[in-house]
Amino acid sequence: ETTIATADSDGVAGHLKIAPDGNLLIEPVGSVMITSAGRTDFIVTDNADDFGRIAIDENGGMIIQTTDDAAAAAHMILQPDGDCTISPKSGHLYVYDSDNASDYAKFDIGGNGNLEISTIDAAGADAHITLKPDGAAIFEPATYTIFQNGNLHIGEKASATTDIAGYGQLWVKTASPNNLYFTDDDGNDKLISGVSSIISVMVFG
């Protein structure tokens, strides 16, 4: 076993610096172990205020941190040349906003691949979920779609959108009060709410 050590009798400034004018290659037969009070910092050039950090706690928990002292540009990019798999044994994945541990989104993976997405607003009920696709939002359940414990709100608009063969549109037309319509793929609008709709069903079946 070979040990390279530095000592500062008055403090912890006995640093060790390796500065090759080329690549630094470490080729151990076994593992590489780096320990420094449970953390390792990666610094570009001599700027100690901008760094990446890997820290280990007493339970073996790992924190990967990036810090940009002057702004918020210390982004983290994962670029595997293959799949990227996250496999927590608990089945729970949490996403927080900064250091706020009370408000978060949670992904729960259960048996059979069941997925539950929940949002938590500790102080109220404003943890909304918004989907903003730059294109169509497509749901293709193998069986059926279930809405529980609430209502479905559809925003009103002046008319249906462009017809697509093989698809119909369910939408709410702007009026006072507004009305629920169905538009078939030939562009025919059919009122399915209000008095006239009820009369139409009674007369024409």
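Which two side chains meet in a salt bridge at 2.6 Å, N to O? They are R53 and D41, where a salt bridge means a side-chain nitrogen of Lys or Arg within 4 Å of a carboxyl oxygen of Asp or Glu. Before going on, a word on the ground rules: this is a predicted model, so local features need pLDDT of at least 70 and side-chain atom pairs count only at pLDDT 80 or more, while totals for chains, interfaces and linings use all residues. Residues are numbered from 1 along each chain as its sequence is written, and side-chain values use heavy atoms, with hydrogens and water left out.

Back to that salt bridge. The R53–D41 pair links distant parts of the chain, with R53 in strand β2 and D41 in strand β1 (residues 39-43), 12 residues apart. Strands here are DSSP runs of E with at least two residues, helices are runs of H or I with at least four, and both are numbered from the N terminus. D41 also forms a salt bridge with R39, where the closest N and O atoms are 3.9 Å apart. Put together, R39, D41 and R53 are linked in a network of salt bridges.

How covered are these three? Buried means under 20% relative accessible area, exposed means over 50%, and partly exposed is what lies in between (1.4 Å probe, protein chains only). R53 is buried because its relative accessible area is 17%. D41 is partly exposed at 32%, and R39 is partly exposed too, at 41%.

A search of the whole structure turns up four salt bridges. Another one of them joins D184 and K190, at 3.9 Å from N to O. Here D184 is buried, with a relative accessible area of 14%, whereas K190 comes out at 43% and so is partly exposed.

Strand β2 shows up again on the greasy side of things. A nonpolar surface patch of about 700 Å² is made by F42, I54, I56, M62, I64, M76 and L78. The elements that give two or more residues to this patch are β2 (51-56) and β3 (62-67). For such patches, residues need over 30% relative accessible area and no salt bridge; nonpolar side chains (Val, Leu, Ile, Met, Phe, Trp, Tyr) are joined within 5 Å, and like charges within 9 Å. The accessible areas come from the Shrake-Rupley method with a 1.4 Å probe, and for residues only the protein chains shown count as cover. I54, which lies in strand β2, is partly exposed, with a relative accessible area of 31%.

Now for the rings. The structure holds four aromatic pairs, counted when rings of Phe, Tyr and Trp (its six-membered ring) have centres within 6.5 Å; planes under 30 degrees apart are stacked, over 60 edge-to-face, and the rest tilted. Y96 and Y104 have ring centres 5.4 Å apart and planes at 50°, so this pair is tilted. Y96 is partly exposed at 41% relative accessible area, and Y104 is partly exposed at 22%. W171 and Y181, by contrast, make a stacked pair, 5.2 Å centre to centre with 25° between the planes. W171 sits in strand β8 (residues 169-173) and Y181 in strand β9 (residues 179-183), so the pair ties together parts that are 10 residues apart in sequence. Both W171 and Y181 are buried. Elsewhere, ring pairs link Y94, Y96 and Y104 into a cluster.

What sits in the loop between β8 and β9? P177 does, and a cis peptide bond joins S176 to P177, with omega at about 5°. For another backbone detail, go to N112 in the loop between β5 (100-109) and β6 (115-120). Phi of N112 is near 65°, a positive value in a residue other than glycine. N112 counts as exposed because its relative accessibility is 84%.

Finally, a pocket. The second largest one has a volume of about 630 Å³. Its lining takes in 20 residues, of which A137, Y167, G168, Q169 and L170 lie nearest the centre. β8 gives the most to that lining, with three residues. On a 1 Å grid over the protein atoms alone, a pocket is an open set of points with protein on both sides within 12 Å along at least five of seven lines, and lining residues have an atom within 4 Å of a point. Grid points are joined across faces, edges and corners, and a volume is the space filled by probe spheres set on the points.

Definitions and conventions
1 Å grid on protein atoms, 1.4 Å probe; cavity = no way out; pocket = protein on both sides within 12 Å on 5 of 7 lines; lining within 4 Å.
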